[in-house]
Amino acid sequence: MASPKEGSNRLFVIEQRGKIKIIKKGEVLAIPFLDISDKLDELNIGYSEKGLLGLAFHPQYKNNGRFFVTTALLPL
């Protein structure tokens, strides 16, 4: 989970399967912030360390819109 320091009070929730959803005023928005699920390998049903694992917002996100994601695509 991450929240940019731009005053919107939104929370961004990372799903390992490739989506980042936004929670605003306690509600999950219908449209995800990011969906890269089609670019990631299928995850192991039991346990996997692959997928979308991290999100960080640039300190100047409010001005430049830059953010960074971390993925792991290592075979098990």
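## Salt bridges, strands and aromatic rings in a predicted model

The side chains of Glu6 and Arg10 come together in a salt bridge, with 3.0 Å from N to O. This is a predicted model, and every value below is computed from it. Glu6 and Arg10 are both buried, so neither reaches 20% relative accessible area. In total, the count comes to 2 salt bridges. Glu15 and Lys21 form a salt bridge too, this time at 3.4 Å from N to O. Here the setting is more open to view: Glu15 is partly exposed, as its relative accessible area is 30%, and Lys21 is likewise partly exposed, at 29%.

Now for the overall layout. The chain contains 1 helix and 6 strands. Going along the sequence, the order reads β-β-β-β-β-α-β. Of the 76 residues in the chain, 28% are buried. The chain exposes about 5600 Å², and carbon and sulfur atoms supply 53% of that area. What about links across the sequence? Taking the contacts between residues at least 6 apart in sequence, 34% join residues at least 24 apart.

Lys21 turns up again in the strand pairing. Strand E2 covers residues 19-24 and runs antiparallel to E1, with 4 bridges joining the two. Within this pairing, Val13 stands opposite Lys21 in E2. The hairpin of E1 and E2 has 4 residues between the strands, and Gly18 takes a positive phi there, near 120 degrees.

Next come the aromatic rings. The structure holds 5 aromatic pairs. One of them joins Phe12 and Phe57 in an edge-to-face arrangement, with 4.9 Å centre to centre and 65 degrees between the planes. Phe12 sits in strand E1 (residues 11-14) and Phe57 in strand E5 (residues 51-57), so this pair ties together parts that lie 45 residues apart in sequence. Both of these residues, Phe12 and Phe57, are buried.

Phe57 has another ring partner. The centres of the Phe33 and Phe57 rings are 6.3 Å apart and their planes meet at 55 degrees, so this pair is tilted. Again, distant parts of the chain are linked: Phe33 belongs to the loop between strand E3 (27-28) and strand E4 (34-35), whereas Phe57 is in strand E5, 24 residues apart. How buried or exposed are the two partners, Phe33 and Phe57? Phe33 counts as partly exposed because its relative accessibility is 23%, while Phe57 counts as buried because its value is 15%. The cut-off that separates them is 20% relative accessible area, since buried means under that value. Phe12, Phe33 and Phe57 also belong to one aromatic cluster, together with Tyr61 and Phe67.

Some of these rings reappear in the nonpolar core. Which residues make up the largest nonpolar core? There are 11 of them: Ala2, Phe12, Ile20, Ile22, Leu34, Ile36, Leu40, Leu52, Leu55, Phe57 and Tyr61. E2 and E5 each supply at least two residues of this core. The largest share, 3 residues, comes from E5. Phe12, Phe57 and Tyr61 are therefore listed both in the aromatic cluster and in this core of buried residues joined through side-chain atoms.

Note on methods: Residues are numbered from 1 along each chain as its sequence is written. This is a predicted model: local features need pLDDT of at least 70, side-chain atom pairs count only at pLDDT 80 or more; totals for chains, interfaces and linings use all residues. Side-chain values use heavy atoms; hydrogens and water are left out. Rings of Phe, Tyr and Trp (its six-membered ring) pair if their centres lie within 6.5 Å; planes under 30 degrees apart count as stacked, over 60 as edge-to-face and the rest as tilted. Buried means under 20% relative accessible area, exposed over 50%, partly exposed in between (1.4 Å probe, protein chains only). Contact means heavy atoms within 4.5 Å. Accessible areas come from the Shrake-Rupley method with a 1.4 Å probe; for residues, only the protein chains shown count as cover. A salt bridge is a side-chain nitrogen of Lys or Arg within 4 Å of a carboxyl oxygen of Asp or Glu. Two strands pair if DSSP finds at least two bridges between them. A nonpolar core is a set of buried Ala, Val, Leu, Ile, Met, Phe, Trp, Tyr and Cys residues joined through side-chain atoms within 4.5 Å.
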